[in-house]
Amino acid sequence: MNIQENIIQGIQLAFQNIYNHDLPLDQIALAPTRKEFQGTYTFVVFPFLKISQVNPEATANQIGEYLKGNIPSVTGFNVVKGFLNLELNELVWVDLFQQIYSNPNFGQLPANGQKVMVEYSSPNTNKPLHLGHLRNNFLGFSVAEILKATGYEVIKSNLVNDRGIHICKSMVAYQHFGNGETPESSGLKGDHLAGKYYVIFDQEYKKQIKDLVSKGQSEDEAKKNAPLMLEAQDMLRKWESNDEAVVSLWRQMNDWVYAGFDATYKKMGVTFDKFYYESDTYLLGKDIVEEGLEKGIFFKKENGSVWVDLTEEGLDEKLVRRADGTSVYITQDLGTADLKYKDFKIDKSVYVVGNEQDYHFEVLFKIMRKLGRSYGDGLYHLSYGMVDLPTGKMKSREGTVVDADDLMQEMIETAEHHTKELGKIEGFSDEQARELYEILGLGALKFFLLKVDPKKRMLFNPQESIEFQGYTGPFIQYSHARIAAILRKADQIGVSYSAPDFTGISELTESEAALILLLNDYEKKIKLAAEELSPSVIAQYLFDLAKEYNRFYADVPIFHEKDLGIQTFRVALSSMTAKTIKKGMSLLGIAVPERM
RNA sequence: GGUCCGCUAGCUCAGCUGGAUAGAGCAACUGCCUUCUAAGCAGUAGGUCUUAGGUUCGAAUCCUAAGCGGAUCACCA
């Protein structure tokens with residue numbers, strides 16, 4: 001039984017009994033009472049004055065009296081203007097906590113029988129991952145975990161962009177300037193090695209353009225005619241015709257890159273259940289073009305190109321096949337969507353892709369719905385904003401990026417620095433200390449990137465390094481470590497809190513009641529985060545929870561409390577908070593330490 | 001130009017489905033470590049919620065317009 005629902009039903013009955021009016025349940029809303037006022041929940045009566053036919057104060061008083069008389073958990077109320085503040089019996093909170101505490105599945109909603117695929121990461125294999133990818137990966141992983149917690153079966157997938165002109169650029173540059181360099185010979189991670197040649201390509205390409213321009217070509221001509229570009233295009237054609245030498249170089253460089261990515265993913269703590277490769281999928285979707293033509297959803301223009309008309313939906317006409325019969329980007333995405341369904345029979349599909357592709361996905365989804373795909377209504381684009389630097393946009397080609405590996409390493413070092421400065425590594429082995437720095441450094445980074453609403457673009461200033469105080473990962477991790485210390489002490493002095501009986505607790509302090517109220521909100525927040533595909537909801541919640549616990553910790557004694565029942569209750573409350581923090585942080589992909 | 005997104009404290013952000021005196025963190029200032037971890041707690045200060053209209057008992061929130069910033073609109077991916 002839920003207290004809020006109970007009160008809402010009571011309000012419905014109040015309207016029936018006092019005003020002889022049937023008020024639907026979904027029109028009754030309770031809000032948490034603001035801190036300045038007495039009470040727990042507030043019912044706003046303004047919208048119902050036409051029903052009550054009396055002034056706001058009188059309406060609130062009448063309803064308040066009814067609730068006080070008929071709902072046992074409501075012990076009192078006060079009225080401020082049109083706001084009816086309800087005061088609840090503290091035993092209700094103790095009872096509620098008892099239920100939460102004894103529920104082994106708290107925080108994991110029952111299976112809903114639905115399958116969802118979350119596609120994220122989706123890197124290009126011509127360069128290492130950077131800060132933008134970190135936001136993508138952390139978001140994707142976290143959203144997948146959140147969906148699991150709300151009862152979905154989740155498949156995490158990664159569509160690797162391993163072919164195309166950009167890959168050929170790295171390959172061409174490597175052929176010219178590589179001198180047989182390998183990750184082993186250079187000591188470079190494979191993805192960084194490939195990225196190095198991508199940058200070299202761009203530099204040399206620019207030189208060639210400049211050269212051609214000085215010889216009288218226009219900028220545009222020069223861009224087309226630069227020998228390196230011609231070579232890259234030629235290489236792409238050879239790759240597509242399965243040229244042995246090109247394919248073998250492609251394999252070799254991709255293998256290096258994959259080895260590099262594996263290491264980076266491991267450090268990030270993200271995982272995938274299924275990899276798709278564009279080299280396998282780039283020809284998919286041709287049958288869908290035929291299908292669309294047959295169904296009359298697509299149409300042919302005079303030159304033979306195939307289009308879809310989305311003007312009725314407020315979009316433009318969109319090309320789905322070129323006049324020469326070759327595919328465009330969206331064609332393969334149509335095919336891949338079907339492939340995913342064929343592979344897993346998914347009900348929903350979430351694409352974690354930057355907001356510069358908003359239009360692309362809008363078009364893609366509209367087409368799939370027009371084609372009548374069963375999963376059409378379950379397609380979501382989790383569109384996130386770019387991560388900008390103070391110097392502007394990051395560009396891999398120009399080497400102005402914050403590299404993912406470097407940044408993670410820096411964060412770990414910063415964590416080490418802070419920890420040593422605070423003198424908190426006494427009693428840690430080297431191994432344990434290293435583990436702690438990693439937990440803290442990555443925790444700070446992940447929290448920093450996840451606490452903001454995904455759809456907003458965000459600024460990353462490397463000079464002002466990521467904080468370890470306030471609204472941060474380490475703040476929450478610290479709260480967990482604090483509680484862990486409490487629980488160790490409880491075990492040590494023999495407080496048994498695993499299956500306690502709280503019936504003796506008759507009074508709660510403010511911070512105890514507030515903590516229970518917050519703990520009770522956890523599942524509601526998970527649902528909200530899943531609905532909005534927004535880990536920031538969880539981040540915000542965990543911060544509030546940790547903050548409230550720290551308040552409790554400062555206000556209320558635990559082991560100095562003489563009454564053993566109350567002492568046990570407080571230990572249990574601490575334990576439940578720690579469990580919730582740990583679970584919640586794991587939904588963000590963040591580990592919590594036992595000591596720090 | 002069309003479409004979409006954003007604009008809230010010096011900075012970074014909550015505040016969505018309209019409710020009370022607009023909230024956090026950082027930075028600044030003041031207290032609190034002989035009591036369970038001070039990466040903490042309590043407090044001070046900081047606001048014309050971009051602007052102008054509208055809707056109503058009530059608007060940061062909904063509607064319209066304008067301003068500023070960004071993205072996107074390829075027979076590129």
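Colleague: How many helices and strands are there in chain A?

Modeller: Happy to start there, and keep in mind that this is a predicted model. Chain A has 596 residues, of which 40% count as buried. Its C-alpha atoms fill a box of roughly 90 × 65 × 40 Å along the principal axes. Within that chain you will find 21 helices and 14 strands.

Colleague: What separation do the centres of domain 1 and domain 2 have?

Modeller: Let's place the two domains on the chain before giving the distance. Domain 1 covers residues 3–88, while domain 2 covers 164–277. Taken over C-alpha atoms, their centres are separated by 67 Å.

Colleague: Which elements do the buried residues of α8 pack against?

Modeller: Good one to trace in the structure! Helix α8 runs over residues 190–214 and reaches 37 Å from its first C-alpha to its last, close to the 36 Å expected. Its buried residues include Gly-190, Leu-193, Tyr-197, Phe-201, Tyr-205 and Ile-209. These buried residues of α8 pack against α6, α7, α9, α10 and α11.

Colleague: Which residue just after α8 takes a positive phi?

Modeller: Follow the helix to its end at residue 214. Just beyond α8 there is a phi of about 105°, and the residue that takes it is Gly-216.

Colleague: Which residues have the most contacts inside the largest nonpolar core?

Modeller: A general idea helps here: in soluble globular proteins, nonpolar side chains tend to be buried together. In this model the largest nonpolar core has 93 residues, and helix α17 (residues 430–450) gives the largest share, eleven residues. Leaving out residues up to four places away in sequence, Val-118 touches Gly-140, Val-143, Ala-144, Leu-147, Val-154, Lys-156, Val-350 and Val-352. The residues with the most contacts inside this core are Val-118 and Val-143.

Colleague: How many residues does the second, separate core have?

Modeller: You can look for Val-172, Ala-173, Met-253 and Phe-261, which are among its members. Counted in full, this second core has 27 residues.

Colleague: Which element gives the most to the surface near RNA strand B?

Modeller: Begin with the surroundings: 72 residues lie around RNA strand B, and the closest are Phe-46, Asp-453, Gly-470, Tyr-478 and Ala-485. They divide into 35 nonpolar, 18 polar and 19 charged. Elements giving two or more residues include β2, β4, α15 and α20. With nine residues, the element that gives the most is α18.

Colleague: What share of contacts between residues at least 6 apart in sequence join residues at least 24 apart?

Modeller: Here we set aside contacts between residues closer than that first limit in chain A. Of the contacts that remain, the share joining residues at least 24 apart is 74%.

Methods: Residues are numbered from 1 along each chain as its sequence is written. Chains are lettered from A and ligands numbered from 1 in the order in which they are written. This is a predicted model: local features need pLDDT of at least 70, side-chain atom pairs count only at pLDDT 80 or more; totals for chains, interfaces and linings use all residues. Helices (H or I, at least four residues) and strands (E, at least two) are DSSP runs, numbered from the N terminus. The expected span of a helix is 1.5 Å times one less than its number of residues. A residue is buried if 20 or more other C-beta atoms lie within 10 Å of its own, exposed if 12 or fewer, and partly exposed in between; C-beta atoms are placed from the backbone. Two residues are in contact if their C-beta atoms, placed from the backbone, lie within 7 Å. A residue is near a molecule or strand if its C-beta atom, placed from the backbone, lies within 6 Å of it. Ala, Val, Leu, Ile, Met, Phe, Trp, Tyr, Cys and Pro count as nonpolar, Asp, Glu, Lys and Arg as charged, and the others, Gly among them, as polar. A nonpolar core is a set of buried Ala, Val, Leu, Ile, Met, Phe, Trp, Tyr and Cys residues joined through C-beta atoms within 7 Å. Domain bounds come from an automatic or database domain assignment.
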